[in-house]
Amino acid sequence: LFDLAEGSTLEEASNSRIRLEWGKGIVGHVASTGRPLNIRNAYEDPRFNAEVDQITGYKTQSILCMPIKNHREEVVGVAQAINKKCGKNGTFTEQDEKDFSAYLAFCGIVLHNAQLYETSRLENRRNQVLLDLASLIFEEQQSLEVLLKKIAATILSFMQAQACTVFIADGESMHSFSSVFHMDHEELGGSA
């Protein structure tokens with residue numbers, strides 16, 4: 001949950017994460033049922049979790065809470081508007097529900113596209129590492145130590161690890177290792 005208030009910055013939003021259980025509270029209920037809730041008085045609703053108000057310092061009165069769904073109608077998130085600033089009694093209207101629903105349908109598409117993009121970026125990065133590794137193998141066949149150093153440097157960089165060890169199986173017995181090469185991140189220097 002990102003707690004955003006009017007005028008808050010992206011940095012403030014990133015530092016204000018709250019973990020909620022699926023099925024618990026208003027947000028959890030909407031997430032598990034996939035159905036919206038328009039609540040006029042939060043404290044009169046038994047599903048309302050007052051802990052969030054305690055953490056955020058808000059005094060929640062009205063809530064319009066709706067699922068964000070992907071193209072397969074699966075819930076991929078939940079958004080809620082809290083405390084309507086204008087209108088009758090500070091409550092959300094049916095028109096607010098329609099507008100919010102239309103907006104969140106678009107958000108579901110955008111989230112799906114962003115997830116596809118992230119998956120594609122990761123897959124491209126993995127493929128590039130494999131191509132780089134294959135290139136190294138053909139480039140450096142004359143020196144096992146140079147090749148192992150480049151393999152370890154690539155693994156350290158790609159996996160963002162502190163250390164890497166490469167074990168080379170003994171060609172004759174295949175039940176033991178004939179070579180072991182270890183590299184720490186500090187040793188990388190200019191070899192990545």
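Which helix does Phe106 lie in? I started my notebook with that one, and found Phe106 in helix H4, residues 94-139. A reminder to myself before going on: this is a predicted model.

**Entry 1: the overall layout**

I went through the secondary structure next and noted five helices and five strands. Reading from the N terminus, I wrote the order down as α-α-β-α-β-β-α-α-β-β. The protein has 192 residues, and 28% of them are buried. I also looked up the accessible surface, which comes to about 13400 Å². Carbon and sulfur atoms account for 53% of that surface. For contacts between residues at least 6 apart in sequence, I noted that 40% join residues at least 24 apart.

**Entry 2: back to Phe106**

Is Phe106 buried or exposed? Its relative accessible area is 52%, so I put Phe106 down as exposed, the cut-off being over 50%. I then checked what it sits with on the surface. Together with Tyr103 and Val110, Phe106 makes a nonpolar surface patch of about 330 Å².

**Entry 3: the cores**

Which residues form the largest nonpolar core? I listed 12 of them: Leu136, Leu147, Leu148, Ile151, Ala152, Ala153, Leu156, Cys164, Val166, Phe181, Met183 and Leu188. Helix H5 (144-159), strand E4 (163-169) and strand E5 (177-184) are the elements that each give two or more residues to this core. H5 provides the largest share, with six residues.

I picked Leu156 from this core for a closer look. Setting aside neighbours within four places in sequence, I found Leu156 in contact with Ala161, Gln162, Ala163, Cys164, Met183, Asp184, His185 and Leu188. Among these partners, Cys164, Met183 and Leu188 are also on my list for the core.

Apart from this core I found another one, of nine residues. Its members include Ile26, Val27, Leu37 and Ile39.

**Entry 4: a loop residue, Asn49**

My last stop was Asn49, in the loop between strand E1 (37-39) and helix H3 (50-56). Why does Asn49 count as buried? Its relative accessibility is 16%, and the cut-off for buried is under 20%, so this loop residue goes in the buried column.

What does the side chain of Asn49 have by it? I noted that one of its polar atoms lies 3.1 Å from the backbone nitrogen of Glu51. Beyond its neighbours within four places in sequence, Asn49 is in contact with Lys24 and Gly25.

Key:
Residues are numbered from 1 along each chain as its sequence is written. This is a predicted model: local features need pLDDT of at least 70, side-chain atom pairs count only at pLDDT 80 or more; totals for chains, interfaces and linings use all residues. Side-chain values use heavy atoms; hydrogens and water are left out. Helices (H or I, at least four residues) and strands (E, at least two) are DSSP runs, numbered from the N terminus. Buried means under 20% relative accessible area, exposed over 50%, partly exposed in between (1.4 Å probe, protein chains only). Contact means heavy atoms within 4.5 Å. Accessible areas come from the Shrake-Rupley method with a 1.4 Å probe; for residues, only the protein chains shown count as cover. A polar contact is a pair of N or O atoms within 3.5 Å; within protein, one must be able to donate a hydrogen and the other to accept it, and residues adjacent in sequence count only if both atoms are side-chain atoms. Patches are made of residues with over 30% relative accessible area and no salt bridge: like charges are joined within 9 Å, nonpolar side chains (Val, Leu, Ile, Met, Phe, Trp, Tyr) within 5 Å. A salt bridge is a side-chain nitrogen of Lys or Arg within 4 Å of a carboxyl oxygen of Asp or Glu. A nonpolar core is a set of buried Ala, Val, Leu, Ile, Met, Phe, Trp, Tyr and Cys residues joined through side-chain atoms within 4.5 Å.
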